[in-house]
Amino acid sequence: MEKLYIIIPAYNEQDNLKALVNDWYPIIEQHSADNSSRLVIINDGSKDDTYEVLKDIAKSRPMMEVLTKENGGHGDTLLFGYRYAIENGADYIFQTDSDGQTSPSEFETFWNKRQEYDAVFGDRTKREDGKSRVFVERVLCIILKMVFGVKIPDSNAPFRLMRSSYVDKYIRMLPEHYNLPNVMLTTLGTYYNEKVLFLPITFKNRQGGKNSINIRKIVSIGMKALKDFRDIRKKL
């Protein structure tokens with residue numbers, strides 16, 4: 001049977017967690033005939049009750065796993081989750097975020113493409129999370145085209161289904177605690193002409209909690225990312 005791991009990072013998301021699990025746990029149930037698939041939610045050193053709430057929710061859900069780690073940021077937590085899925089024999093890894101901006105109803109379209117493609121990435125054609133974030137993503141895609149020569153409609157969408165072997169192959173090319181792994185998983189697969197597909201997804205505004213990323217942080221991340229992109233490009 002195909003083993004699916006859904007990887008979700010969580011930081012200070014105590015208000016979103018019940019809805020999050022109610023949304024995504026049924027997906028695991030539907031795609032785990034032998035009960036080997038997992039919904040894995042990773043607490044990234046939250047300062048609120050995220051970890052405690054998750055542990056309580058998991059008591060009645062045998063295919064849900066709750067992990068915790070010191071705070072390292074979104075990218076570091078994704079890498080932690082990806083490595084965990086690979087180590088535990090996942091065939092497919094699906095990633096989304098914990099803020100309720102994505103729709104589980106769109107998962108099946110991605111799943112139905114799994115045998116044709118190495119990775120299926122979301123393309124946020126319509127976004128409700130603010131013009132500033134749309135602008136940041138557009139600039140990011142322009143930079144990726146300049147540095148890597150790839151044309152990508154959406155590099156960082158938190159709605160992606162990937163073969164575990166694909167993830168393993170490319171995260172090995174990244175620094176251990178790299179802060180933008182999803183961007184590079186999209187970019188490197190495109191750069192090396194892997195079988196990748198972009199599908200439109202809906203992207204709602206945050207459903208609760210507080211966004212930990214502001215424009216100042218985005219600018220700081222962007223400056224470091226440009227240097228990192230150039231360093232990675234030199235090694236290809």
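Guide: Let's start with a definition: two strands count as a pair if DSSP finds at least two bridges between them. And keep in mind that this model is predicted.

Visitor: Fine. Which strands form the open sheet, and in what order?

Guide: There are seven, running E3-E2-E1-E4-E6-E5-E7, with mixed pairing.

Visitor: What makes E3 and E7 the edges?

Guide: Count partners. Strand E3 (64-69) and strand E7 (196-203) each have a single partner strand, so one side of each has no neighbour in the sheet. As for twist, neighbouring strands here are turned by 20° against each other on average, if you ignore direction.

Visitor: How do you know that E5 and E7 pair?

Guide: The cut-off is at least two bridges. Strand E5 (residues 119-127) is joined to E7 by seven, so the two count as a pair. They run parallel. Looking for landmarks? Phe121 has Phe198 of E7 as its bridge partner, and Lys126 sits opposite Thr202 in E7.

Visitor: And what makes E5 and strand E6 a pair?

Guide: Again, at least two bridges are needed, and E5 shares three with strand E6 (residues 159-163), so that passes too. This pairing is antiparallel, and Val120 faces Leu161 of E6 in it.

Visitor: On to the helices. Why is H6 called roughly perpendicular to H7?

Guide: The axes of helix H6 (residues 164-171) and helix H7 (residues 181-191) cross at roughly 95° and come within 10 Å. Angles of 65 to 115 degrees count as roughly perpendicular, so H6 and H7 earn that label.

Visitor: Which residues make that contact?

Guide: H6 brings Tyr166, Val167, Tyr170 and Ile171, and H7 brings Leu185, Thr186, Leu188 and Gly189. By class that gives six nonpolar, two polar and no charged residues.

Visitor: Why is Gly189 placed among the polar ones?

Guide: Because Gly is counted as polar under the classes used here.

Visitor: What about helix H3 and H7: how do their axes cross?

Guide: Helix H3 (residues 74-87) and H7 have axes that cross at roughly 65° and come within 8 Å. Gly75, Leu78, Leu79 and Tyr82 of H3 meet Pro181, Asn182 and Leu185 of H7. Five residues of this contact are nonpolar, two are polar and none is charged.

Visitor: Last stop, the second largest pocket. What is its volume, and which elements give two or more residues to its lining?

Guide: The volume is about 170 Å³. E5 and helix H5 (131-148) are the elements that give two or more. The lining includes Asp123, Arg124, Glu137 and Arg138.

Visitor: How does that lining split by class?

Guide: Six residues are charged, four nonpolar and one polar. Asp, Glu, Lys and Arg count as charged, so Asp154, also in the lining, belongs to that class.

Notes:
Residues are numbered from 1 along each chain as its sequence is written. This is a predicted model: local features need pLDDT of at least 70, side-chain atom pairs count only at pLDDT 80 or more; totals for chains, interfaces and linings use all residues. Side-chain values use heavy atoms; hydrogens and water are left out. Axes are lines fitted to C-alpha atoms, for helices over the stretch in contact, and angles run from 0 to 180 degrees between N-to-C directions. Helices (H or I, at least four residues) and strands (E, at least two) are DSSP runs, numbered from the N terminus. Angles under 35 degrees count as roughly parallel, over 145 as roughly antiparallel, 65 to 115 as roughly perpendicular and the rest as oblique. Contact means heavy atoms within 4.5 Å. On a 1 Å grid over the protein atoms alone, a cavity is a set of points where a 1.4 Å probe fits but cannot get out, and a pocket is an open set with protein on both sides within 12 Å along at least five of seven lines; lining residues have an atom within 4 Å of a point. Grid points are joined across faces, edges and corners, and a volume is the space filled by probe spheres set on the points.
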